[in-house]
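Trainee: I am new to this structure and would like a close look at a single part of it. Please choose one place where several pieces come together, and take me through it slowly.

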Amino acid sequence: MTSKKFVYFDVSLIFFLFLLMICSCVSIFSAQKYAQYDENFFLKQIVWFVLGIIVAALIFLFDFEQISKLAPFFYGVGILLLIGILIAPESIAPIRNGAKSWFVVPGLGSIQPSEYMKIFLILMLAKITQSHYKDDFRKSFKQDMFLLMKIGGISLLPMLLILMQNDFGSSLVMLVITISIIFLSGIDWRIIGVIFLGLIGVVGILIYIFITNPDFLLEIFGTYQLNRIYSWLDPEQHAKGIGYQLNQSLHAIGSGMVDGKGFQNSNVYTPEAHSDFIFTIVAEEFGFLGGSVVIALYFFIIYRILGIAMYVRKEIFEFYICIGMVALFTFHSFQNIGMVTGLLPITGIPLLLMSYGGSSVLASMMGIGLVLNVSLRKKDYFFSD
């Protein structure tokens, strides 16, 4: 890599990411007074950001031909880690908030393989889509179905393993990533339409069963997941039990009003305010205006990644990496902000690069490093003949 390439960084994307990191640190500094654990999450988050920047920088040591070759290796490592979570004793992989999704490493804290698996899945889906179109490709119904089966098979395995960990949120993220890549993979729209109708049908059947025979769903999803639905539908009725977290979140956000109570002046206790519910701190202390700024930052980040994707759309591997990252950031921000404001059920997924969490930060920065590496290719195309 030549030094000239560093001039071609997508500076605006880096700027928006830097602002988001500042918002994260400020919010976590204020939120850690509510934390259930005696730790300095503010300093730890700064350390994770520094490590994340180093990880993103290391990705520039590889070109995309090397990254493409390594994609199956990363995917395989991710699958082994997910299997390891399931078979590991609780002393190594404890159950937290109803899910067995973390390895506890002495001196390092917790490692959540599902966060890294999201990036590995994006790489693997980009790899198999690239390979499909390179191997003497001829457009046909048979070829489209073959690609669909490959994408489905690659995605289904990690999703099932994560569902077995009782981590519905992360499996849902992977489903959204997979659907996004399928929609833009060139597969015949008639096939995609059938899939879309099938998904609507499945959701409709689940809603019908939930209304008529919830005990059946209880056997499939368990009490923990169904309680999240009940608490979402009527948080006030369950305010002293399963709906306590959401009820407190709604009170905190509502009390912030337009311009908030001011930095460190929040006074409504919300569990996990430093983590999955970090947006409640933003909305309570900085009000509607502060929350709008954070949402705008995510919009600009997603917009810049999508712009990079459009510039390199002829390079299949790089294009689908960007599309996967667009799906990742879009769904995480939409679902997380939706769940803390009561618009969507609680799924336990973090607000990327805002919520506290080492695995989430490192995985997100890994993906951002890939996108910034792609942006160098974007500039090459822009200035080429």
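Mentor: Before we begin, one term is needed: two residues are in contact when heavy atoms of theirs lie within 4.5 Å of each other. Please also keep in mind that what you see is a predicted model.

Let us start at S360, a residue of helix α12, which runs over residues 358-383. Its relative accessibility is 6%, and because the cut-off for a buried residue is under 20%, S360 counts as buried. If we leave aside its neighbours within four places in sequence, S360 is in contact with E115, P350 and L352. Two of these partners, P350 and L352, are also touched by H332, whose list further includes K118, V173, I349 and L351, again without counting residues up to four places away in sequence.

H332 is therefore a good place to pause, since it is buried with a relative accessible area of 0%. This histidine belongs to helix α11, and its side chain makes a polar contact of 3.0 Å with the side chain of K118. The same side chain of H332 reaches the backbone oxygen of P350 at 2.9 Å, so that P350, already met beside S360, is tied to H332 by a polar atom pair as well, because a polar contact is a pair of N or O atoms within 3.5 Å.

The partner K118 leads us to helix α4, residues 113-134, which packs against α11 at an angle of about 145°, with the two axes 8 Å apart. The crossing of these two helices is right-handed. On the α4 side, the residues that meet α11 are K118, I119, I122, L123, A126, K127, T129, Q130 and Y133, and on the α11 side they are I316, F317, Y320, I321, G324, M325, L328 and H332. An α-helix has 3.6 residues a turn, so residues three or four places apart point the same way, which is a helpful thing to remember while you follow the numbers of such a list along a helix.

Staying with α11, we can turn to F329. The largest nonpolar core has 97 residues, and of these I305 and F329 touch the most other members. Helix α11, residues 316-340, gives the most to this core, with 15 residues. Apart from neighbours within four places in sequence, F329 is in contact with Y298, I301, I302, I305, L352, L353 and I368; L352, you will recall, was also among the residues in contact with S360 and with H332. As a general background, in soluble globular proteins nonpolar side chains tend to be buried together.

One more partner of H332 deserves to be followed, namely V173, which is one of the buried residues of helix α6, together with G169, S170, S171, M174, I177, T178, I181 and I182. These buried residues pack against α4, α5 (141-164), α7 and α11, and so we come back to the two helices with which we began to look at the crossing, because α4 and α11 are both named there. Helix α6 has 16 residues, 168-183, which at 1.5 Å a residue should span 22 Å, and its end C-alpha atoms are 23 Å apart, which agrees.

Helix α7, another of the neighbours of α6, passes the corresponding check: the expected span for its 24 residues, 189-212, is 34 Å, and its end C-alpha atoms are 34 Å apart. Its N-terminal end is capped by D188, a side-chain oxygen of which lies 2.7 Å from the backbone nitrogen of R190. Within α7, I191, I192, I209 and F210 are buried, whereas I207, which also lies in this helix, counts as partly exposed at 47% relative accessibility. I207 and L175 are 32 residues apart in sequence, while their C-alpha atoms are 19 Å apart in space.

To retrace the path once more, begin with S360 and its contacts to E115, P350 and L352, go on to H332 with its polar contact to K118, and then follow α4 and α11 where they pack together, ending with the buried residues of α6 that pack against both of these helices.

Key:
Residues numbered from 1 in each chain as written. Predicted model: local features only at pLDDT ≥ 70, side-chain atom pairs only at ≥ 80, totals over all residues. Heavy atoms only, no water. Helix = DSSP H or I, 4+ residues; strand = E, 2+ residues; numbered from the N terminus. Expected span 1.5 Å × (residues − 1). Buried < 20%, exposed > 50% of the residue type's maximum accessible area, 1.4 Å probe, protein only. Polar contact = N/O pair within 3.5 Å; in protein donor to acceptor, adjacent residues only side chain to side chain. Core = buried A, V, L, I, M, F, W, Y, C linked by side-chain atoms within 4.5 Å. Axes fitted to C-alpha atoms, helices over the stretch in contact; angles between N-to-C directions. Left-handed = near helix turned anticlockwise from the far one by under 90°.
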